[in-house]
Amino acid sequence: LNQAHRFTPRMPERRENDSTIVQVIPPLCEGALQTKSEETLRDNSTSAKEDITQCPPEAPTVTECDDAKALKNSRQLPIAPSVQSRKDDGPRMTKEVIRKHCKEQKLYLTPYLNDVLYLHFKGFAHIENLEEYTGLKCLWLESNGLLRIENLEHQKELRSLYLQQNLIRKIENLEPLQLLDSINLCHNFITRLENLRCLPMLTSLQISHNRLRTAADIEELVHCPKLSVLDLSHNILEDTSVLEVFSAMPCLAVLNMMGNPVIRNISNYRKSFIVEIKQLKYLDDRPVLDKDRACAEAWHNGGVEAERAERQRWVDMEHKKIMDSIRGLAEIRDRARAKRRQEVGVSMEECQADKGTAVEDHRGELSDGKEEEEEEEEEEE
């Protein structure tokens, strides 16, 4: 401030209640304003100081206070927008937008005739204005910014609902979807499974990459009688009692648990799951074969030795099956060769018989020809 004050001369100020002009001139640096003498500068500075000390400081006016408050508020951090303002920001799922989308996708412009809508990658924050689309059977809402599952009361024919990669935190408002067969909620922020028992026809649930943690968070699955395909991969499940929930599900056939800490917490994870879930056909990235189930049952009942014996028994069975198939092929080959030889032998005998008759016929013709020649010779004589 001192340097700027020294190098920047100030203009004279006029005060509101005083007609005199106060000349405020700072001490000049060396070589500045050489035209004035040092005495004149010193006298002017001292007179200005005296005038300043004699005048009392004025109270700030209302305008100055308002300006100071505005400056202070401008330096504060911005306040987060309300829910209503967030709802108004960004793209909206309006009727015009949906109609334009139908026209671009070459769908029906009459809303109730459409059985599918592709509203993914649009940036919507709320589901709305779908009242007229009563014939929908498949609804794609992937990769938007949806905060809730809402406004689906009129989609009673819906079979498939795709809500992956959104901002959903709770499963709700699915009661009208009595015919819903599959739902995809991957890559959201769901911490607990709830409100699924109202879907009697649900057979497939994909809810990977969420925030499920304990067995209590997934106990709602027990109340889904037809659920057969379940994807819980890449959650935070670490409670070993989740196996009890899966074993209580009557129709569970496909289960994906990859990326969960519970895999490391359960010893012999794959064998334990195969034994407890009787109808399981596919676990993680591999199918559950009959051999795998038999070996797992043997391990559960008799330990490692019983499992090894059962595995050897299956190896012997498979080897015997292979050898039986080879022998069957060899028998088919031998029968075909014998049949071919028999056919070739019959044809050779027929050829020989035909050849013999042809020779006899030729001999008969020769004898007949000789007799005719002899008769002609006798007639000539």
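## Exercises on a predicted chain

The protein chain exposes about 25,500 Å², and carbon and sulfur atoms supply 52% of that (Shrake-Rupley method, 1.4 Å probe). We're working with a predicted model, where local features need pLDDT of at least 70, side-chain atom pairs count only at pLDDT 80 or more, and totals for chains, interfaces and linings use all residues. Residues are numbered from 1 along each chain as its sequence is written, and side-chain values use heavy atoms, with hydrogens and water left out.

**Exercise 1.** Work out whether Tyr112 is buried or exposed, and where it sits.

*Solution.* Start with the place: Tyr112 is in the loop between α5 (95-104) and β3 (116-118); helices are DSSP runs of H or I with at least four residues, strands E runs of at least two, numbered from the N terminus. Next, the cover: Tyr112 counts as exposed because its relative accessibility is 53% (buried means under 20% relative accessible area, exposed over 50%, partly exposed in between; 1.4 Å probe, protein chains only).

**Exercise 2.** Place Leu147 and list its contacts beyond the neighbours within four places in sequence.

*Solution.* First, find Leu147 in the loop between β4 (138-140) and β5 (160-162). Then check the accessibility: at 35%, Leu147 is partly exposed. Now skip the neighbours within four places in sequence, and Leu147 touches Ala125, His126, Leu167, Ile168 and Arg169 (contact means heavy atoms within 4.5 Å). Finally, take Leu167 from that list: Leu147 and Leu167 are 20 residues apart in sequence, yet 5.0 Å apart in space, C-alpha to C-alpha.
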